[in-house]
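User: I would like to go through this structure with you and ask, for each term, what the label rests on.

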Amino acid sequence: MWFKELVLRVVGGTWEFLVICALCVYYCMETVLLTITPSFLRWQKSLKGKRIVITGGAGGVGQELALQLGRLQAKVVVWDTNERAVEALRLRFYNEGMELQSYIVDVTDRHSVYKHANLVKSDLGPVDILINNAGIVTGRTFLDIPDDMVEKTFQVNVISHYWTIKAFLSDMLKRGKGHVVSVGSLTGMLGTYKCTDYSATKYALHGLHESLLTELKTHGYDNIHLTLVSPFFINTGMFAGCKPRTLSMLEPKNVATRIITAIRREETFLTMPASYRFIIPIKFYVPSKLCWAVMYRVIQGPQSMMGLVGRQDTTAA
Ligand SMILES: NC(=O)c1ccc[n+]([C@@H]2O[C@H](COP(=O)([O-])OP(=O)(O)OC[C@H]3O[C@@H](n4cnc5c(N)ncnc54)[C@H](O)[C@@H]3O)[C@@H](O)[C@H]2O)c1
């Protein structure tokens with residue numbers, strides 16, 4: 001009896017091992033092939049007619065996303081707290097002959113989120129894509145961050161995602177399709193100076209993203225896609241005063257274009273620049289003293305962040 005059990009275990013284990021080896025070869029080859037295939041030859045889903053909610057959609061990256069998605073004939077809904085920026089965006093949509101649905105919503109207020117989610121659903125129908133883009137940064141060293149700003153940063157950058165995802169995910173599960181995009185940051189993969197609160201919220205997004213992905217996959221919701229975006233600094237004013245030494249800041253227009261491509265290709269993780277996806281994890285394999293030396297002497301991360309003052313202009317996006 002024990003011999004039969006042993007044989008079954010060995011056969012089962014060997015089979016699992018072979019399956020994993022085959023999957024490893026298949027997925028690695030798929031990734032290499034997709035990476036070297038020219039962009040115009042790669043499959044991308046159409047966003048025409050898709051109902052898309054963008055939080056913080058009147059800000060730097062948000063408004064670029066809204067405009068580019070509008071031009072792809074998506075039905076764009078913007079939620080933002082900045083009334084003047086929303087009005088300016090409405091005008092830009094109008095000038096291009098496009099329609100924008102916009103609501104003044106503070107994403108940290110879950111009652112407002114649920115109320116406006118119901119409004120969007122009754123006006124437009126079920127939402128196909130949710131883009132959690134709203135974010136704030138304090139930009140101070142640890143002891144200088146006011147307590148209320150620690151709380152607010154967590155509320156806006158991560159806790160609000162629970163309300164917005166809850167507001168739309170049930171419908172996605174019922175329909176068996178949907179897409180949730182979270183705009184994180186490279187500081188969610190590598191902590192840096194003046195970012196003890198901000199970076200922690202972006203790390204938290206990684207946990208939320210990976211865990212939710214696991215739940216969806218486990219329950220067979222393979223057509224509900226998640227995309228976590230982790231960009232380097234973007235020239236929107238959010239990181240005003242910061243002077244990166246190794247790369248120049250990304251432009252919001254290009255970031256939005258790349259995020260839209262990631263949505264259309266149903267990519268799960270997107271870092272910008274792409275190479276950082278491979279470079280940052282090296283920190284786990286080298287001595288931490290070496291990590292610090294590279295950070296301080298080569299990347300000069302802390303030096304870049306010394307002048308950070310954060311967003312100064314809160315009326316225009
Ligand atoms: N700017 C960068 O260098 C950078 C780098 C990496 C990641 N990011 C992330 O990209 C996203 C967009 O950043 P951005 O540079 O466009 O910022 P931004 O400041 O230009 O725009 C953010 C928008 O979010 C809105 N917002 C803030 N709090 C809100 C709330 N409680 N409810 C609803 N809307 C709210 C603001 O009004 C603004 O319109 C953020 O999540 C940010 O953390 C930015």
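User: How many residues of the shell around the ligand are nonpolar, polar and charged, and what makes a residue count as one or another?

Analyst: This is a predicted model, in which local features need pLDDT of at least 70, side-chain atom pairs count only at pLDDT 80 or more, and totals for chains, interfaces and linings use all residues. Residues are numbered from 1 along each chain as its sequence is written. The shell holds 16 nonpolar, 13 polar and 3 charged residues; Ala, Val, Leu, Ile, Met, Phe, Trp, Tyr, Cys and Pro count as nonpolar, Asp, Glu, Lys and Arg as charged, and the others, Gly among them, as polar.

User: Which residues come nearest to the ligand, and what makes a residue near?

Analyst: Gly56, Gly59, Gly60, Gly135 and Thr236 come nearest of the 32 residues around the ligand, where near requires a C-beta atom, placed from the backbone, within 6 Å of the molecule. The largest share, 3 residues, comes from α2, which spans 60-71 and, like β2 (75-80), supplies at least two residues of the shell.

User: Why is the protein called as compact as a globular protein of its length?

Analyst: The protein has 10 helices and 7 strands (DSSP runs: H or I of at least four residues for helices, E of at least two for strands, numbered from the N terminus). Its radius of gyration, taken over C-alpha atoms, is 22 Å, close to the 20 Å that the globule rule (2.2 Å times the number of residues to the power 0.38) gives for 317 residues, so the protein is as compact as a globular protein of that length.
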